[in-house]
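Welcome, and please load the model in your viewer. We will go from one side chain outwards, one selection at a time.

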Amino acid sequence: MKISRRASSLPLLSWIFIVLVVSGAIIMLGYLIRDLIRDGWTINWWDLIIWAFLVIIAEKFVISLPRGGAFVTVGAAVDFAIIVLFGPAIAALFGLLGALVNSWLARKVPFYKLLFNMGQYVLTLGTAAIVFRALGGDISDSGIGSSILPFLVCVPVYFFVNNALICLIIAFTEKISPIRVWLVNFRWTVGHDLILAPLGLVVALLYKVSIWSIFVFLAPLALARYVYKLYMDLRGAYFDSIAALASALDASDPYTKGHSDRVTKYAVQTARAMKSSEREIETIEFAGRLHDIGKIGIDRSILRKRSKLNDREWSEMQKHPVMGSEIAGKLKFMKEAEDYVNYHHERYDGKGYPKGLKGEEIPVGARILGVVDAFDAMTSDRPYRPALAIEEAVRELERGAGQQFDPIVVDVFVKLIRNGELKVEGHKVKEPEPKPQQNSKQELDLKPVKRTPQFSK
Ligand SMILES: [Fe+2]
């Protein structure tokens, strides 16, 4: 795991932390190399070349996660093999190599990030290897038996040092709690990391038997990457079909054309600004596309009705979140989006539907969808009124914060608009305007009409 965030101007605390990490790494490396020279250089050059090659290959085997911003590598498996095989000094030196290779592959990494990554890699691998050796870990002659316990201890040490250093630098840079950084960004990597650790040990043991066994390691890696790519392609195709269905539903009404696309775009940007995890953002993206898919089951005469809905029609209309969530729940890759679709018309004050959930009871993804859905409805033409100006729609959101909307989501979303980070693409209907009619019920909690009681104080 590496730091890869952009930071145009780093706070002083971040600089101090980088200097501490780099100094600590230099001191550790100095001691380790001194010990290595004192004990005699026993590594063979072939080993160095092969493992340097493996470090490079492992960093190259980057698997992009669906949202593109995040990625995983199998570098930790190679790190553990190196720790077990070669001990602290060589492990720390390979850490330096890993950071250099990664920065070279990433291109244009600012100098301070390169220094920090080199420092944190040296500290991570060095500390884990020191712990492994100090507890008696050694697979050279005594076999694996005595190394199991030291290995079990060195694995959490490796991940603790790595995660702690990364979370602290992000926390100092972005002025948020390091625990939150970990929970939001890295908690989900634990399972992946725990698989890589024993894989590293197995590779080390195989390597002791025969250097060529390393290819036994590379083959499944290549296969895993290929299978993963197939899976991602299939998932993409599946998702595109559903998105096409949602767009077709939007397009069937000139007033909602492009609505799901815009809601998805706004929701993803807001979730990203709220530092949601990549997984969460992906779920929000699915839910954004599908949030109104349940309208497929609503009578078209109700959907297209330009006048006020009667009670029967209104209760029919209110079924669309539940119907949508049932559809989402049946889709293989989109199960988690189910709740967001179901609750996108809940209100922060508990007066929404279908369940009347309140505040934090509503999943955060659904609260985000609620805000951006309303905003898009306001900034798009509707049969009963033209689109509102952006500033006017923003004021309506602020007025509804704490009542209809989650105030934190409104705050983040409005900041994105005011900073110019979010491009608003309100939808204007090209066909001649139908005669405007006041409709107070059809989209009760979407509509921006400031005359309605829910937005006024
Ligand atoms: Fe809806």
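Start by selecting isoleucine 83: leaving aside residues up to four places away in sequence, it touches Ala91, Leu125, Ala128, Ala129, Phe132 and Cys154. Touching, or contact, here means C-beta atoms, placed from the backbone, within 7 Å.

Two notes before moving on. Numbering runs from 1 along each chain as its sequence is written. The model is predicted, so local features need pLDDT of at least 70 and side-chain atom pairs count only at pLDDT 80 or more, while totals for chains, interfaces and linings use all residues.

Next, add Ala81 and Ile82: with Ile83, they touch the most other members of the largest nonpolar core, which has 57 residues. Such a core is a set of buried Ala, Val, Leu, Ile, Met, Phe, Trp, Tyr and Cys residues joined through C-beta atoms within 7 Å; buried means 20 or more other C-beta atoms within 10 Å of a residue's own, again placed from the backbone. Helices that each supply at least two residues of this core include helix 1 (12–39), helix 5 (111–134) and helix 8 (190–209). Helices are DSSP runs of H or I, at least four residues, numbered from the N terminus.

For a second, separate core, of 36 residues, select Val263, Ala271, Val341 and Ala393, which are among its members.

Now show helix 16 (residues 364–378) and helix 18 (residues 407–418), whose axes come within 9 Å and cross at roughly 50°. Highlight Arg367, Ile368, Val371 and Val372 on helix 16, and Val409, Val410 and Phe413 on helix 18, to see the contact.

Finally, colour the chain by burial: 39% of its 457 residues count as buried.

Notes. Axes are lines fitted to C-alpha atoms, for helices over the stretch in contact, and angles run from 0 to 180 degrees between N-to-C directions. Two residues are in contact if their C-beta atoms, placed from the backbone, lie within 7 Å. A residue is buried if 20 or more other C-beta atoms lie within 10 Å of its own, exposed if 12 or fewer, and partly exposed in between; C-beta atoms are placed from the backbone.
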